[in-house]
There are 2 protein chains.
Amino acid sequence: MTKEQLIQEIKTKRSFLCVGLDTDLAKIPKHLLDCEDPIFEFNKQIIDATKDFCVAYKPNIAFYECHGSKGWDSLKKTIDYIPKNIFTIADAKRGDIGNTSSYYAKTFFEYMDFDSVTVAPYMGVDSVTPFLEFEDKWVILLALTSNKGALDFQMTTDAKGERLFEKVIKTSSSWAGDDKLMYVVGATRSEGIGEVRAIAPNHFFLVPGVGAQGGSLEDVTQYGWNEQCGLLVNSSRGIIYAGNDENFGNAAANAAQDLQKQMESILTAKKFI
Amino acid sequence: MTKEQLIQEIKTKRSFLCVGLDTDLAKIPKHLLDCEDPIFEFNKQIIDATKDFCVAYKPNIAFYECHGSKGWDSLKKTIDYIPKNIFTIADAKRGDIGNTSSYYAKTFFEYMDFDSVTVAPYMGVDSVTPFLEFEDKWVILLALTSNKGALDFQMTTDAKGERLFEKVIKTSSSWAGDDKLMYVVGATRSEGIGEVRAIAPNHFFLVPGVGAQGGSLEDVTQYGWNEQCGLLVNSSRGIIYAGNDENFGNAAANAAQDLQKQMESILTAKKFI
């Protein structure tokens with residue numbers, strides 16, 4: 001998907017919501033456990049219920065690969081089921097030496113037809129660039145994450161006063177433009193979002209941490225907005241586990257629509273739509 | 001596997017060789033492609049041929065997951081086939097927020113019975129510690145990698161003159177001891193190995209980059225040796241693709257034995273055996 005197509009989708013849906021498909025057998029409604037593929041059945045109903053309110057889906061790969069080959073089949077069926085106008089993110093946080101990263105890229109861009117994959121920057125340029133060689137596919141590079149451990153290394157200040165997450169953004173911006181590269185910027189560090197926006201004015205940010213992790217949509221928008229919207233705000237548990245019985249689809253739809261309505265207000269106030 | 005068991009295995013085999021199972025359908029002998037599961041068939045024969053010369057096997061997960069669920073089945077069969085006295089490393093370079101990392105840990109330590117998994121440190125403490133909660137299982141944390149991109153961030157010096165890889169080692173050493181934690185230290189930076197050894201005197205290092213990537217066994221041993229050996233030196237392509245016809249097993253055995261003999265000389269010279 002191109003950047004222009006993503007922006008158009010945001011305008012059409014009046015939403016910049018990403019739904020995180022962190023599908024956990026221990027948390028899905030019990031009646032689904034009798035299905036042949038409970039994970040896919042859950043995802044299918046969640047997608048049916050939420051697809052009008054979101055512009056992206058983000059399965060976190062950990063929740064699928066813990067079931068081995070069966071989990072990979074559930075993931076493949078899920079990505080094949082998502083409508084093509086919706087941006088898809090393989091939240092995989094991969095990264096290896098160049099030759100090996102190219103196999104990870106093939107996994108998510110060829111074997112599965114994801115639009116993007118999250119990548120960890122620690123191993124540097126040749127661990128990231130193999131993902132950038134696919135047309136209209138994206139790297140979403142970890143910059144400033146939403147978890148407690150982000151403080152351990154990402155905030156380390158170098159001799160010039162630059163923090164590691166800033167160096168990651170500045171360095172990686174020479175590897176690809178904002179038509180191929182986004183950054184993960186956690187909602188739990190709202191001032192951090194502003195600092196990232198200052199050095200990456202044109203890139204889209206994938207923002208996890210709204211809802212269950214404590215970040216607020218208002219703060220994210222205040223600090224992260226750019227004139228192309230520039231934000232994909234993810235919610236996982238708050239949407240997909242909004243209900244826990246046979247009506248879980250309706251509950252997820254309502255939770256997604258609530259966020260979509262808030263986003264519509266913001267997009268309207270910003271005169272983006 | 002415990003550290004004592006690993007050290008005993010090094011003494012018994014007179015080797016600290018790790019064989020990297022980076023099994024690529026484009027590179028394995030053509031006659032195997034008619035098998036039902038060519039990747040497992042190749043691995044099986046490589047394991048049969050090399051198991052007396054090595055103390056560890058390290059499948060890089062990228063080479064398996066690019067085949068989707070079939071690749072995961074090949075990987076599962078491979079880990080089940082490796083003799084239990086041999087240390088197994090899931091070279092996965094995973095890492096995510098705590099809840100999610102615990103699913104990755106379950107994947108490699110429960111669904112598959114690996115002894116260890118490689119983990120990327122960028123997301124900090126809560127991305128690593130879920131892997132440390134499994135008895136006799138290990139985290140092998142990326143510290144100083146063998147690739148060109150290692151220069152981008154790992155060598156960044158902070159205001160106190162400490163480089164990021166040093167900070168990773170010092171910080172992580174409070175998360176677990178050398179009975180649960182190893183570091184990846186690339187053979188292509190032999191002086192770097194010495195610097196890591198100075199700050200992590202007791203930890204085992206997994207050392208990739210000997211052979212095809214240009215590192216030498218002599219340099220690795222000169223800089224990385226400690227009194228418990230403290231080294232697992234990986235070779236992938238140089239062993240598993242030593243031959244490319246029906247005798248590929250013999251060729252792999254010879255290549256592995258060559259390295260084992262060199263290691264035996266070192267272990268003898270060091271009076272370790």
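A residue is called buried here if 20 or more other C-beta atoms, placed from the backbone, lie within 10 Å of its own, exposed if 12 or fewer, and partly exposed in between. The model is predicted, and local features need pLDDT of at least 70, side-chain atom pairs count only at pLDDT 80 or more, and totals for chains, interfaces and linings use all residues. Residues are numbered from 1 along each chain as its sequence is written, and chains are lettered from A in the order in which they are written.

Select helix 2 (residues 38-50) of chain A, helices (H or I, at least four residues) and strands (E, at least two) being DSSP runs numbered from the N terminus. Its 13 residues should span 18 Å at 1.5 Å a residue, taken as 1.5 Å times one less than the number of residues, and the end C-alpha atoms are indeed 18 Å apart. Of these 13 residues, 10 are buried, among them Phe40(A), Phe42(A) and Ile46(A).

Next, show strand 1 (17-21), strand 2 (56-59), helix 4 (68-81), helix 11 (237-240) and helix 12 (248-269) of chain A, against which the buried residues of helix 2 pack; contact requires C-beta atoms, placed from the backbone, within 7 Å.

Now bring in chain B, to which chain A contributes 49 contact residues, with 49 from chain B in return. Helix 5 of chain A gives the most to its side, with 7 residues.

Finally, superpose the chains by least squares on the C-alpha atoms of residues with pLDDT of at least 70 in both: chain A can be laid on chain B with an RMSD of 0.0 Å by a turn of 180° and a shift of 0.0 Å along the axis. The two copies are thus related as by a two-fold rotation axis.

Definitions and conventions: Contact = placed C-beta atoms within 7 Å.
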